[in-house]
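This report looks at the pockets of one protein model and at the packing of two of its helices. Please keep the structure in view while reading.

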Amino acid sequence: MAALSPAKFWFRFSSFFLDLLLLLLFSYLIIIGIINFDLLTVEWLSSQFWILASIVFLSLILLSSIVEGLTGFDLAKACLGLKLLDANEDRPIGVIRSLFRTLVSVFSIALLRLGYLAIAFNFEAKSLHDLLSSSRVVTRPVNGFQYLLR
């Protein structure tokens, strides 16, 4: 088996952007479903919308972190041919480290994406959340939508 190469910045950016779009779409669909099935009144939702939206969004991030920790990829990484692995072994990082990685990533985003600058300054293209969680994002053999980005 050929050595897995570090994922390039634009693949990682595309994965992040696609993940964000999917999370927003699923959050929107869940909230619309709640409204359409009359589980909550529109009046209550209008007064508590941001609380409900935050709960749904955080729940989906948690679910994504669990899947990514167990399998090594989420939907966006699978589409783009990327995989999240342990820094020293070719295996997924596990749920706890994946949750930690996600929390550091969110913190990094809140700080003007400063943690992502690390990608430009190290050979393996690791961001701050990769370095702290001892993980790496690699490119798998070309398949799926990855052809579109080449």
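A pocket, as the word is used here, is an open set of grid points with protein on both sides within 12 Å along at least five of seven lines, and its volume is the space filled by probe spheres set on the points. The model is predicted, and its two largest pockets are set side by side below.

| Pocket | Volume | Nonpolar lining residues | Polar lining residues | Charged lining residues |
|---|---|---|---|---|
| Largest pocket | about 680 Å³ | 14 residues | six residues | seven residues |
| Second largest pocket | about 220 Å³ | eight residues | one residue | two residues |

The largest pocket has a volume of about 680 Å³, and among its 27 lining residues Phe 16, Asp 19, Ser 105, Ile 109 and Tyr 116 lie closest to its centre. Helices H1 (9-36), H2 (42-71) and H4 (95-110) each give two or more residues to this lining, with H1 supplying the largest share, eight residues.

The second largest pocket, at about 220 Å³, is lined by residues including Asp 19, Leu 22, Phe 26, Leu 60, Ser 64 and Asp 74. Here the elements that contribute two or more residues are H1, H2 and helix H3 (75-80).

The axes of H1 and H2 come within 10 Å and cross at roughly 140°, which means that H1 is oblique to H2. The crossing of H1 past H2 is right-handed, and the contact involves, among others, Leu 20, Phe 26 and Ile 30 of H1 together with Leu 45, Phe 49 and Leu 60 of H2. By class, the residues of this contact comprise 17 nonpolar, one polar and no charged.

How values were computed
Residues are numbered from 1 along each chain as its sequence is written. This is a predicted model: local features need pLDDT of at least 70, side-chain atom pairs count only at pLDDT 80 or more; totals for chains, interfaces and linings use all residues. Side-chain values use heavy atoms; hydrogens and water are left out. On a 1 Å grid over the protein atoms alone, a cavity is a set of points where a 1.4 Å probe fits but cannot get out, and a pocket is an open set with protein on both sides within 12 Å along at least five of seven lines; lining residues have an atom within 4 Å of a point. Helices (H or I, at least four residues) and strands (E, at least two) are DSSP runs, numbered from the N terminus. Ala, Val, Leu, Ile, Met, Phe, Trp, Tyr, Cys and Pro count as nonpolar, Asp, Glu, Lys and Arg as charged, and the others, Gly among them, as polar. Axes are lines fitted to C-alpha atoms, for helices over the stretch in contact, and angles run from 0 to 180 degrees between N-to-C directions. Angles under 35 degrees count as roughly parallel, over 145 as roughly antiparallel, 65 to 115 as roughly perpendicular and the rest as oblique. A crossing is left-handed if the near helix is turned anticlockwise from the far one by less than a right angle, and right-handed if clockwise. Contact means heavy atoms within 4.5 Å.
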